[in-house]
Amino acid sequence: MINKQNWDWENGEKEIADIGTWKDKFLGVEEPYPSPDGEKIAAIVKPDEMEFSVCENGTVWEEVYDKVWYLRFGPDNRLTALVSDTAEWTLAVDQAAWAHRFDYVWDTHFSEDGRRIVIAAQKDGRYMGVTDDTPWETDFETMNNFSVSRDGEQTAAAVQIVSFQSGDIFKFQEGTYSVAVNGRAWPNNFVNVWEIAFSPDNQHVAAAIRVNLYDYTIAVDGVPWRQTFNGVWEPQFSSRDSSVTAPVRTGGKWMLAKNGEVLWDRQFVQLWHHQYSPDGATIAAIVAPEFGRWTVAVNGKPWSITFGDLVTDMVFSPDGAKVACVGKEKGQWSIAIDGVRWPGAFDMAWKPVFSHDGNNVAAKVEKNGQYSLVINGKLLQKQFDMIWNPIFSPDGDKLLIRGIKSGETKYYRQVVPLAELF
Amino acid sequence: MTESVSKESSLIADEGLDKGLARLTSEKIEKTIKTILTNETGARLKTYVSTCVHCGLCSDACHVYLSNRDPACSPVGKIKQTIWEIVKKKGKVDAQFIRRASEIAYTECNLCRRCAMYCPFGIDISYMILIVRRICHKLGVTPHYLQDTAQSHSATLNQMWVKDDEWVDTLQWQEEEAQDEIGDLRIPIDQEGADFFYSVIAPEPKFRAQLIYQAAVIFHSAGVSWTMPATPGWDNSDMCMFSGDNEMMGRLKKAHFETAMRLKVKKIVMGECGHAFRSVYDVGNRWLGFREPPIPIIHSIQFFYELLKEGRIKIAKKYAKTVTLHDPCNTVRGAGLHEMIRMIAHETCEKVIEMHPNREHNYCCNAGGGVINCGPPFKNKRVENNSIKADQLRNVKEQGAETVIAPCHNCHGGLEDIIHTYKLDMDLKFLGDIIYECMEKPEE
Ligand code: SF4
Ligand code: SF4
Ligand code: SF4
């Protein structure tokens, strides 16, 4: 978890940078990203032809590169970018580039507290994970579905163990992929390996696999469930008893299975993205109870409201008591909590954000090209040309708003008590 | 070459079919067929089988039949040799039968649905052919090249074994190339909140990267807000839909739609591909439980049409050669975009000559439905089975057409082989090629 205690929670507005002036300083300015605490804003810039760098709060990094991409702040407010110098790639963290160089790097991940930074890398056509500048000891022929444990100490990916000639469909069907955890592959191979999940204690790994062209199941620490299905989606670990659950498909319907056995007594047209509440007591999932209708099911019981287009961005409150999501009906996006749809429909809505105690919820929304926030169901009247996800203060009484007001080019961070928002 | 195609073609060697055949037993065949007929078909198949009066009116709809006049190649002929027998014999068919059925289903029907328009009862032959393919997939008797593509989809979520890093690297390379032409052009990668995600099929980064370049120039000139993802899910194509691996089709479409949801885009604009459109707009979305695509899908034909209509791109100089139009089945018969193709052609080209028949009556290129993806073993047959398309092209060529516009990747592949084999000497273009060539571009 990020420590928000030491952020500036003093009420009031702070102008951080006028990013409009950056356009005059550089040949090009890409889209800006603010730090989680709102104190910094940064963008990839072009100081000169064929040169890339990063501008942070108006100050440009000392180094210039052939190319910079995937600019991202970590949860601890450190700024990272994937950079290339004379065709050698690495990660730069707060201006300091890692010592190891690769032929390509991508897919930056952070541990929940931001302490660990992890990327995927390719060198001489071989693939590996890299944590804080330390590459895996083993590299692989191919790698995808790169995943990181919450504490950032463990990394895993689907890797190719057995080579096959291009077009050798039969070799492939024998099983040539496995899961490598911290660079060490499981002893057995599968036809396919997809979504990978870590246990809450970061010690166990589960993955969605296909054992032949037709049978799907879940493998936990390398051992497949005894049962197979016509399809599976991403598995999850329970924090209570380290059991593993996953959506599984049989007879054309989706169900939730635990350790291979059906758990919920209900079948769905679709069931995916199931999640455990932080205390592990409740499971929620995005489901289609009937063709073309979408909702959330909590412990197998679907909400009575449904959306015709989609449901996405489902999230538990930190205390596990509430579930929120984004839904879309006839092209209009809205927010729903515990089966109740908030008033207001938007051109886009972002994942709802809960306060720590779960009592307050806010979400970024967009309408007619202007951005704003909905807080506890009420739309903030103020509009922004750009806004980022809001963040609640540790006590949940204040909201940190990071945005660029309508018609302005200045980026502000603003701390507002909830009581004064409306 | 009258009645010979279907018989001769049985001799075509294909590793996927031949080795698949060796693994079959009559028990396995019967059990697999029974399971599929019971669990995955119902009233629709029964009605089709019992309604058909064998009138043969569908024959003249099919380019394969018209190209060699063999009743075995007529739509009803293909059904008679496959699903009818399967249903009649309740799955008690032998391995050789399955091999022939597989070859018919995968290489002699494009699922182009032209015949459905000519059947007095609206019987959809392509639906039944897809059931045959589903059976063949479950039996492991699929053409080698098509199966390899389906396996690529499963391992990489794209059609051509493109690795995660190769994808982004290609976008950055194309961006750099395009910046030589337009200094401030960008291919915005993974830009959350852009208006649309531009999705393509894997042959673009693999072989036709200049199409991404051209699209970037068009979007940049039009001043639209767009992005391309840094993650798998960027490929909209879907050979699993055609191989019969529906479960994998679902996984591919899930990745595609969820990439759009993750990027918070309002729509997906897709490149000039016909079958991918069918997959994201019709078949794949429904398999997942979505009535419509969860994020609206706009085909390039429609997107270019809108850009021209709204004056967001302007034509500097019209394309001088006389053009003709090939209507791709999936976007024309499937979605009615033909008048938009014509508007774009007339706006951008000096002279347009229509092929006949055209619009929703157009003949398929014989590449679609996964047929071209069955690869070199079936290439000659594919080209011979579409002499009618060659006649159509020759006819417009005699009237002066020099360039064929085909807004579909598979159509390109199919027409290229036809033009070459029948020595027609015509150019082949995408709409994007023509627009890129003729549009006003921002000053460097
Ligand atoms: S190729 Fe087209 S016209 Fe011919 S049978 Fe198949 S769907 Fe019908
Ligand atoms: S036109 Fe219709 S009814 Fe006649 S043979 Fe063809 S499928 Fe059967
Ligand atoms: S490749 Fe083109 S013409 Fe041929 S089936 Fe597809 S869309 Fe139809």
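Visitor: What makes up the shell around ligand 1, by class of residue?

Guide: In this predicted model, the shell around ligand 1 divides into six nonpolar, two polar and two charged residues. The residues that surround the ligand are B:Cys62, B:His63, B:Pro75, B:Lys78, B:Cys109, B:Asn110, B:Leu111, B:Cys112, B:Arg113 and B:Cys115. Cys, Pro and Leu count as nonpolar, whereas Lys and Arg count as charged, so B:Lys78 and B:Arg113 are the charged pair, and the remaining B:His63 and B:Asn110 fall into the polar class.

Visitor: How do you know which class the residues around ligand 2 belong to?

Guide: The residues around ligand 2 are B:Cys52, B:Val53, B:His54, B:Cys55, B:Gly56, B:Leu57, B:Cys58, B:Val76, B:Cys119, B:Pro120 and B:Phe121. Because Gly is counted among the polar residues, B:Gly56 joins B:His54 in that class, and the tally for this shell is nine nonpolar, two polar and no charged residues.

Visitor: What makes up the surroundings of ligand 3, and which elements give two or more residues to them?

Guide: Around ligand 3 are B:His326, B:Pro328, B:Cys329, B:Asn330, B:Cys364, B:Cys365, B:Gly368, B:Cys408, B:Asn410 and B:Cys411. Two or more residues come from each of α18 (329-332) and α22 (409-421) of chain B. By class this shell has six nonpolar, four polar and no charged residues, and the polar members are B:His326, B:Asn330, B:Gly368 and B:Asn410, because His, Asn and Gly stand outside both the nonpolar and the charged lists.

Visitor: Where does ligand 2 sit?

Guide: Ligand 2 sits in the second largest cavity, a statement that requires more than half of its atoms to lie within 2 Å of the grid points of that cavity.

Visitor: Why is the largest nonpolar core said to lie between two domains of chain B?

Guide: The core has 143 residues, and those touching the most other members are A:Leu399, A:Ile401, B:Ile83, B:Ile98 and B:Met128. The element that gives the most to this core is helix α9 (residues 125-139) of chain B, with nine residues. Domain 1 (2-142) and domain 2 (155-308) of chain B both contribute residues, and the core therefore lies between them.

Visitor: Why is A:Ala87 called exposed, while A:Asp338 is called partly exposed?

Guide: The relative accessible area of A:Ala87 is 55%, and because exposed means over 50%, this value meets the criterion. For A:Asp338 the value is 39%, which lies between the 20% and 50% limits, so this residue counts as partly exposed. A:Ala87 is in the loop between β8 (79-85) and β9 (88-93) of chain A, and A:Asp338 is in the loop between β34 (332-337) and β35 (340-341) of that chain. Neither residue is a glycine, yet A:Ala87 has a positive phi of about 65° and A:Asp338 a positive phi of about 45°.

Visitor: What makes A:Asn6 exposed or buried?

Guide: At 60% relative accessibility, A:Asn6 is over the 50% limit and therefore counts as exposed. A:Asn6 belongs to the segment before β1 (12-18) of chain A, and its C-alpha atom is separated by 9.6 Å from that of A:Asp37, 31 residues apart along the chain.

Visitor: How do you know whether A:Val181, A:Gly292 and A:Ala324 are buried or exposed?

Guide: Buried means under 20% relative accessible area, and the values are 16% for A:Val181, 4% for A:Gly292 and 0% for A:Ala324, so each of these residues counts as buried. A:Val181 is found in strand β17 (residues 177-181) of chain A, A:Gly292 in the loop between β29 (283-290) and β30 (293-298), and A:Ala324 in strand β33 (residues 323-329). Between C-alpha atoms, A:Gly292 and A:Phe307 are 8.3 Å apart, with their positions 15 residues apart in sequence numbering, and A:Ala324 and A:Val353, 29 residues apart along the chain, are separated by 8.7 Å.

Visitor: Which peptide bond is cis, and what is its omega?

Guide: The bond from B:His356 to B:Pro357 is cis, with omega near -10°, and B:Pro357 is placed in the loop between β6 (352-353) and α20 (379-384) of chain B.

Technical notes
Residues are numbered from 1 along each chain as its sequence is written. Chains are lettered from A and ligands numbered from 1 in the order in which they are written. This is a predicted model: local features need pLDDT of at least 70, side-chain atom pairs count only at pLDDT 80 or more; totals for chains, interfaces and linings use all residues. Side-chain values use heavy atoms; hydrogens and water are left out. A residue is near a molecule or strand if one of its heavy atoms lies within 4 Å of it. On a 1 Å grid over the protein atoms alone, a cavity is a set of points where a 1.4 Å probe fits but cannot get out, and a pocket is an open set with protein on both sides within 12 Å along at least five of seven lines; lining residues have an atom within 4 Å of a point. A nonpolar core is a set of buried Ala, Val, Leu, Ile, Met, Phe, Trp, Tyr and Cys residues joined through side-chain atoms within 4.5 Å. Buried means under 20% relative accessible area, exposed over 50%, partly exposed in between (1.4 Å probe, protein chains only). Helices (H or I, at least four residues) and strands (E, at least two) are DSSP runs, numbered from the N terminus. Domain bounds come from an automatic or database domain assignment.
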